[in-house]
Amino acid sequence: MAHVLVVGAGIAGDTLALLMERDGWTVTVAEIAPALRAGGQTVDLRGDSREVLDRAGLLGQALECLVPQRGAAWIDARGRRLAEMPVEAFDGRGYVSREELLRTDLARIIHEATGPGVTHRFGETVEALEDTGTGVLARFRSGAEETFDLVVGADGAHSRVRALRFGPEEDYRRPLGLAHAWFTLVEGPGTPHLDGWFLTHNAPGRRGVEARPGHPGQQEVGLTFAADTLPPRHDREAQFALLERTFAGVGWRAAEFLAAARQADDFALDTFDQVHVECWSTGRVVLLGDSAWCASPLSGLGTALALRGAAELAAALRAAGAPGDTSRTPAALTAFERTMRPRTASAQQLPPGRVASMAPKSALGIRVNALAMRALQSRAARPLVRKALAGSEHGRTGTPAGEPRTSPARI
């Protein structure tokens, strides 16, 4: 029986593992983390996300995990609202949709759907990959060696597989000038309630403080700031010190969030980058998800692309006769890239001003951004926004069906 190694147990990796198991593959998933990763922000169920989950039979479970949403609001240092966009805006296709769930819940749903044909090796990753002619010999960090018919690098923007087979990260990383910390805050007796609103306070200097609804008794917190490089990922104290220097004196709940970051089990910090790789496969090794095409969180399409990419890769292998016949696997990987490349290229084309709207540089920019959010919802602007949404959904080449290329927040 054909055997595939998937490196990375994220959304893309576990979705692929699930679909390939159903097609008859034996699947091994190597994940460097000691357990399934928790945390992450809210993801919506529009477009490709909804379609792929529906076809996989998981949409019902995802809908049971929705986080109640009322909309997004931009506030000043005292918490006063400068602008807001309720979920009803643009028929539920605005900045916040009616159907959103936490990434941690989606990852769990997909992970638990895998069956006995999938073996997860947590705390494990690859140290070397060597072609054998008919397969790939993988040497693991644990010292084990095993040959696979196919190796898939679904291990994120800092992909180990990409580094081993395609070259160093700096050859493919395109920083966008922002960094972002995110974590879960556990509410205490005096924690201000969000009442279903995703709140953002922008401060001059491209600094943003965000809080959005999470599980009951929890809030998902984000801290956005200008940066291209960060302290090493293992140096947590240096990361906290950087955040404390950057957000010193910022109003609203910044001080509360900085203190909570040190207590969070799921704290993470990374730069907003894109990944551009000229060719996603070499021999029987292929990249999937952010390791191949990261569009950055600013695109709003990371989860949709991960799900669609996994579905398209599984379909390409199936069409090539795998797992019964793996001789055409390299051709299947080429077909997969031919299908997915236009979608990812479209997602990476961020609208002008996207960085500035996420993190305005000046007090004037903050006021202009709030004004723009209000203006987009005006009676005069609604027909233009609807036309943009309709065009992106029905006639834009390379755009996932039902996934707006330009949501109101991105125009």
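## Overall build

The protein comes with 13 helices and 18 strands. Keep in mind that this is a predicted model.

How does the radius of gyration sit with what a compact globule of 411 residues would have? It agrees: the rule puts such a globule near 22 Å, and the protein has 21 Å. Along the principal axes, the C-alpha atoms take up a box of roughly 65 × 50 × 40 Å.

## Inside and outside

Of the 411 residues, 55% count as buried. Contacts reach a long way along the chain, too: take those between residues at least 6 apart in sequence, and 71% of them join residues at least 24 apart.

On the outside, the accessible surface comes to about 17,000 Å², and carbon and sulfur atoms account for 52% of that. As for charge, there are 47 positive and 48 negative ones, and their mean positions lie 8 Å apart.

## Helix 7 and its cover

Helix 7 runs over residues 254–261, and its buried residues are Ala254, Phe257, Leu258, Ala260 and Ala261. These sit on the same side of helix 7, because they cover an arc of only 165° around the axis. The background here is simple helix geometry: an α-helix has 3.6 residues a turn, so residues three or four places apart point the same way.

What covers that buried set? The cover includes three strands, namely strand 12 (173–186), strand 14 (207–213) and strand 15 (218–226), along with helix 6 (236–246).

## Leucine 243, on helix 6

Helix 6 is also where you'll find leucine 243. Its relative accessibility is 1%, so leucine 243 counts as buried, the cut-off being under 20%.

Which residues does leucine 243 touch, once its neighbours within four places in sequence are set aside? They are Ala181, Leu223, Phe225, Leu258 and Phe267. Leu258 has already come up as one of the buried residues of helix 7, so to speak of the two helices together: helix 6 is part of what covers that buried set.

For a sense of distance, leucine 243 and serine 296 are 53 residues apart in sequence, and their C-alpha atoms are 21 Å apart in space.

## Serine 281, on strand 17

Serine 281 belongs to strand 17, which spans residues 281–282. Is serine 281 buried or exposed? It counts as buried, because its relative accessibility is 15% and the limit is under 20%.

Not counting residues up to four places away in sequence, serine 281 touches Phe166, Val286, Leu333 and Glu337.

Definitions and conventions. Residues numbered from 1 in each chain as written. Predicted model: local features only at pLDDT ≥ 70, side-chain atom pairs only at ≥ 80, totals over all residues. Heavy atoms only, no water. Helix = DSSP H or I, 4+ residues; strand = E, 2+ residues; numbered from the N terminus. Rg over C-alpha atoms; globule rule 2.2 N^0.38 Å. Buried < 20%, exposed > 50% of the residue type's maximum accessible area, 1.4 Å probe, protein only. Contact = heavy atoms within 4.5 Å. Areas by Shrake-Rupley, 256 points an atom, 1.4 Å probe, with all protein chains shown as cover. Lys, Arg positive; Asp, Glu negative; His and termini not counted. Charge placed at Lys NZ, Arg CZ, Asp CG, Glu CD. Arc of directions from axis to C-beta.
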